[in-house]
Amino acid sequence: MHLLSSSCVGSLVLVLATLLCRVSCTETVVGLYGETLEIPCNKGAVNGETAIITQWKYLIGNEIKGELLSKPKNEKVSINANDEYKGRIDMAANFSLLLTDAKLTDQRTFTCAVVEGKDINHYYVNVVVYKAPEGVEISDKAEELEFGKLTKLATCVARDANPAAKIIWLKNNKPLSDDGKGISIQTSEQLDPVTKLSTTTTSTLEYSAKKEDKDALFSCSSQHTVGKQMTSSPLTFPITYPTEQLILQVIAQEPLVEGDNVTLKCVADGNPAPSSFNFHLKGNVVTVNNTNIYTLTDVSRDTTGEYKCSLIDNSSMVSSKEVTVNYLDINLSPTGRVVKKVGEALDLTFQSNSSGASKVSWTKDKVKLLKEPKFHKLTYSDSGHYECEVTMRSLIKKLSFKLLVEGAPVIKQLSKHRGEDGQHKVLICEAEGSPKPSVSWSINSTSLHESPFVGGKVTHKITVVPTLNLTVLCTVSNKFGEDTREISVSPQQSEDGDQTKLVVGVVVGLLIVAMVIGLAYGIYQKKSKQGSWKTGERENGSSEEEKKLEEKVEENSQKAEV
């Protein structure tokens, strides 16, 4: 049996102690890709006063080989690296290793050796470098999504991350989750086959679309331990689904009237929409291709009715709409210029026919009438311009006639009155007739006034100063005939005498009335006495009646004397 020498045993113990320290004494430092990484020596607790020399190396495999830099006490840092760390390393004041532009290949174990007196202490630091993905991109995008069918929408990729990135699918910026029905998400991770240091995450979304998804925005985003969340550009997808409903639209101006055009439009809710339709036009079927409209031109009231449209390959899917053509007909007899004789009747006939309730109004010379005019016996005042207006919604129609009532003139009144100065006499001749009658007098006048000719009437006034008793004639005439009337005119003194005669006549009349009343009273009194003798009594109130009768006789006698 061989026994180990004491020197061999010591070396073995040192190796085992070193291996145990690597496992139990190793510190882990995490750095960010591309940034400066500070790797501490003994957690930053190196005593610069006692440290004779501090040296940094890294492990290759299980051996300490890669020399980086060292710093003897009271001397400058000596950089020994000639490999990938050349130009990237330095030592901090606390003896930490400064590593710039951190890379994924820097993920290894670094060792810091500190010589203090006769002791050499080794401190191990394991470096991990986190790297956010380079971005997210969508590939294998579907051209369209089918309603109700699970379809591969797209694939989202987040490349070269450490650790692997997590991918989330979004619809309208809201996360989607795999529900095993309408949403299926398959995710995989692949380590870089060359460096074995980074991972690419791939996620595929399968989606069962709904009709309302036609405007939905789909995107994917990556979530990582470090760095900001990155989101892809949003995508939209056309959603295909069969037609389930038709709507027939009637496009026309309001109200639709005869002579207008009407466009029938068949709208289907399918996507893609059908390109051909059948239009059912009151018994006739018209097929249109590559369009969904049909135009009815120059419509009439006969166009009114029900119209339909349907799918060519499915006649049971149909939509209908009522089309109403509005119309308004009016008839008036007579129209234009109407000439009638005074006293005649005018048979006025008005009729209207419309597709809805209408309103009729009449005016004469632009003044509203309360009702339709009737002409059983025409007068001159009936002359004028008559207009009938009929409205139905926004439809308006008008017809009119101009009535002219003609006839021989007639003097309605010939009168006189004293002028304001007491000397002049004003003679007034009022006449009717049409055309406008001319007026003439049998004497000359000092002034003349004629009223406007309105409603077949004219008034003619003259002022005269008579010196003798005269008989004045007023004559009115037109093409249909003439009329003459006379009036007596006297001087002012003659009229005063006439007034005296009038007063005398009144007095005589009153005397006669008094005599008649007296005679009646005497007869009454005689009969009253005979009655009382027969009864032996005087009737109550008889004395009062006698007294009243006597007073009345006396009063009439006094008037007669005057």
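**Exercise 1. Strand pairing around β38**

Determine in which sense, parallel or antiparallel, strand β35 (residues 438-441) pairs with β38, and over how many bridges.

*Solution.*
Step 1. In this predicted model, β35 and β38 run antiparallel to each other and share 4 bridges.
Step 2. A residue pair within this arrangement can be located: S440 stands opposite T475 in β38.
Step 3. On strand β39 (residues 481-489), β38 has another antiparallel partner, and that pairing extends over 9 bridges.
Step 4. Here L473 stands opposite E486 in β39.
Step 5. The connection from β38 to β39 is a hairpin of 2 residues.

**Exercise 2. The disulfide that involves β38**

Identify which cysteine is joined to C474, and state whether the link is left-handed or right-handed.

*Solution.*
Step 1. The partner of C474 is C429, with an S to S distance of 2.1 Å.
Step 2. The torsion about the S-S bond of C429 and C474 is about -95°, so this disulfide is left-handed.
Step 3. The pair links distant parts of the chain, since C429 belongs to strand β34 (residues 425-434) and C474 to strand β38 (residues 470-478), 45 residues apart.
Step 4. Both C429 and C474 are buried.

**Exercise 3. The disulfide set as a whole**

State how many disulfides the structure holds, and which pattern they follow along the chain.

*Solution.*
Step 1. There are 4 disulfides in the structure.
Step 2. When bonded cysteines are counted along the chain, the pattern reads 1-2, 3-4, 5-6, 7-8.
Step 3. One of the links joins C156 to C220, with S to S at 1.9 Å.
Step 4. C156 lies in strand β12 (residues 151-161) and C220 in strand β17 (residues 218-223), so this disulfide ties together parts that are 64 residues apart in sequence.
Step 5. The link of C156 and C220 is right-handed, with 70° about the S-S bond.
Step 6. C156 counts as buried because its relative accessibility is 0%; C220 is likewise buried, with a relative accessible area of 0%.

**Exercise 4. The link between β21 and β25**

Establish where C266 and C309 lie, and whether they are buried or exposed.

*Solution.*
Step 1. A disulfide with an S to S distance of 2.1 Å joins C266 to C309.
Step 2. C266 is in strand β21 (residues 262-268) and C309 in strand β25 (residues 305-311); the pair links distant parts of the chain, 43 residues apart.
Step 3. For the link of C266 and C309, a value of 70° about the S-S bond makes the handedness right-handed.
Step 4. Both cysteines, C266 and C309, are buried.

**Exercise 5. A buried charge at D382**

Determine which side chain of opposite charge is nearest to D382, and how far away it is.

*Solution.*
Step 1. D382 is placed in the loop between β31 (367-369) and β32 (384-392).
Step 2. D382 is buried, and the nearest side chain of opposite charge is that of K364, 5.3 Å away.
Step 3. A salt bridge requires a side-chain nitrogen of Lys or Arg within 4 Å of a carboxyl oxygen of Asp or Glu; D382 has no salt bridge.
Step 4. The side chain of D382 does, however, reach the backbone nitrogen of T379 at 2.9 Å.
Step 5. Leaving aside residues up to four places away in sequence, D382 touches K364, F375, K377, L403 and V405.

Note on methods:
Residues are numbered from 1 along each chain as its sequence is written. This is a predicted model: local features need pLDDT of at least 70, side-chain atom pairs count only at pLDDT 80 or more; totals for chains, interfaces and linings use all residues. Side-chain values use heavy atoms; hydrogens and water are left out. Buried means under 20% relative accessible area, exposed over 50%, partly exposed in between (1.4 Å probe, protein chains only). Lys and Arg count as positive and Asp and Glu as negative; His and the chain ends are not counted. A polar contact is a pair of N or O atoms within 3.5 Å; within protein, one must be able to donate a hydrogen and the other to accept it, and residues adjacent in sequence count only if both atoms are side-chain atoms. Contact means heavy atoms within 4.5 Å. A disulfide is a pair of cysteine sulfur atoms within 2.5 Å. Two strands pair if DSSP finds at least two bridges between them.
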